[in-house]
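Hi,

Here is the structure I said I would pass on. Have a look at it first, and then read my notes below.

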Amino acid sequence: ERERRRGRESAMAATTRRAQQVQQAMLRGGRASQGLGRAQAHRVSSRGASVLNARRFPAERVSLARNVRSLASAQAEVPPLAEGTVAYEKQDYAVVELGGSQVIVEVGGVYDTNRLEAEPGSIIKLNRVLLVKSQGNNDLRLGKPYVEEATVEAEVVQHKKAKKVVVYKMQPKKHTRSKRGHRQHETTIKVVKISV
């Protein structure tokens with residue numbers, strides 16, 4: 001038992017010595033954790049030396065990261081608006097049925113939808129308009145289900161594929177697995193005009 005206790009004490013002394021070396025290396029500005037394995041780094045960091053941070057950053061950056069700035073100094077100063085100017089000017093908008101879903105569109109907005117049969121650069125008309133709001137005369141028109149004589153003109157920007165979705169099917173205990181990727185075909189459109 002005495003030998004076991006001595007062995008533990010010598011191991012603790014070695015890790016303490018290594019922690020002191022790490023701290024000295026941090027003060028010198030060098031890489032603190034050279035030659036440390038994961039288990040040693042964890043042991044040393046649990047004794048107070050931030051080995052994992054020292055591995056990623058030099059000592060100056062670690063010390064700067066620990067200094068927490070106050071909220072007032074972190075906020076940027078925004079100049080006040082001049083008289084007669086508006087921060088955000090409200091635009092006309094419409095709710096359109098597009099690719100099986102309802103989308104709120106504004107003039108100049110760019111939207112992705114399911115693949116449309118149109119060439120890039122061409123103008124298309126969307127007739128399934130559910131709602132139109134014009135900000136000029138504050139007029140709101142709600143369709144039943146569609147607004148009569150309301151159209152949204154949009155320009156086809158490009159055809160593309162969406163991000164990949166992984167379809168993984170598995171039946172447990174049957175040794176059956178299938179993994180397939182799917183990328184939906186999409187069309188990017190830019191709204192040019194909303195007319196009622």
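To start you off: how many bridges join E4 to strand E7, and in which sense do the two run? There are 4 of them, and E4 and E7 (residues 151-161) run antiparallel. One of the positions to look at is Ile 124, whose bridge partner in E7 is Ala 154. Before you go further, please keep in mind that this is a predicted model.

**The chain as a whole**

The chain has 196 residues, and 25% of them are buried. Its secondary structure adds up to 5 helices and 10 strands. If you take the contacts between residues at least 6 apart in sequence, 61% of them join residues at least 24 apart. The accessible surface is about 15,500 Å², and carbon and sulfur atoms account for 49% of that.

**The sheet with E4 and E7**

E4 and E7 belong to an open sheet of 4 strands, in the order E3-E10-E7-E4, with antiparallel pairing. The edges are taken by strand E3 (110-114) and strand E4 (123-126); each has a single partner strand, so one side of each has no neighbour in the sheet. On average, neighbouring strands here are turned by 45 degrees against each other, direction ignored.

While you are at strand E3, look at Thr 113, which is found there. Is Thr 113 buried or exposed? Its relative accessibility is 5%, so Thr 113 counts as buried; the cut-off for buried is under 20%. Setting aside neighbours within four places in sequence, Thr 113 is in contact with Leu 98, Gly 99, His 185, Glu 186 and Thr 187.

**The other sheet**

A further 4 strands form an open sheet in the order E2-E1-E5-E6, and the pairing is antiparallel there too. Strand E2 (101-106) and strand E6 (139-142) are the edge strands, each pairing on one side only. The twist from one strand to the next averages 15 degrees.

Within this sheet, strand E5 (residues 129-134) pairs with E6 in the antiparallel sense, over 4 bridges. If you want a spot to zoom in on, Lys 133 stands opposite Leu 140 in E6.

**Salt bridges**

Side chains of opposite charge can pair when their charged atoms come close. The count for this model is 3 salt bridges.

Which side chain does Glu 97 meet in a salt bridge? The partner is Arg 128, at 3.1 Å from N to O. This pair links distant parts of the chain, 31 residues apart: Glu 97 is in strand E1 (residues 93-98), while Arg 128 is in the loop between E4 and E5. Both ends are partly exposed, Glu 97 at 28% relative accessibility and Arg 128 with a relative accessible area of 48%.

Another salt bridge takes you back to the sheet with E3 and E7. There the side chains of Lys 160 and Asp 112 meet at 3.2 Å, N to O. Lys 160 lies in strand E7 and Asp 112 in strand E3, so this salt bridge ties together parts that are 48 residues apart in sequence. Lys 160 counts as partly exposed at 27% relative accessibility, and Asp 112 counts as partly exposed at 43%.

The remaining pair is Arg 141 with Asp 139, where the closest N and O atoms are 3.3 Å apart. Arg 141 is partly exposed, with a relative accessible area of 39%, and Asp 139 is also partly exposed, at 28% relative accessibility.

**A nonpolar patch**

One last thing to look at on the outside: which residues form a nonpolar patch on the surface? They are Val 166, Tyr 168 and Met 170, with about 310 Å² of accessible area together. Tyr 168 lies in strand E8 (residues 165-171). With a relative accessibility of 48%, Tyr 168 counts as partly exposed.

That's what I have for now. Shout if you would like to go through any of it together.

Cheers

Conventions:
Residues numbered from 1 in each chain as written. Predicted model: local features only at pLDDT ≥ 70, side-chain atom pairs only at ≥ 80, totals over all residues. Heavy atoms only, no water. Pairing = 2+ DSSP bridges. Axes fitted to C-alpha atoms, helices over the stretch in contact; angles between N-to-C directions. Patch = residues over 30% accessible without salt bridge, like charges linked within 9 Å, V, L, I, M, F, W, Y side chains within 5 Å. Areas by Shrake-Rupley, 256 points an atom, 1.4 Å probe, with all protein chains shown as cover. Salt bridge = Lys/Arg side-chain N within 4 Å of Asp/Glu carboxyl O. Buried < 20%, exposed > 50% of the residue type's maximum accessible area, 1.4 Å probe, protein only. Contact = heavy atoms within 4.5 Å.
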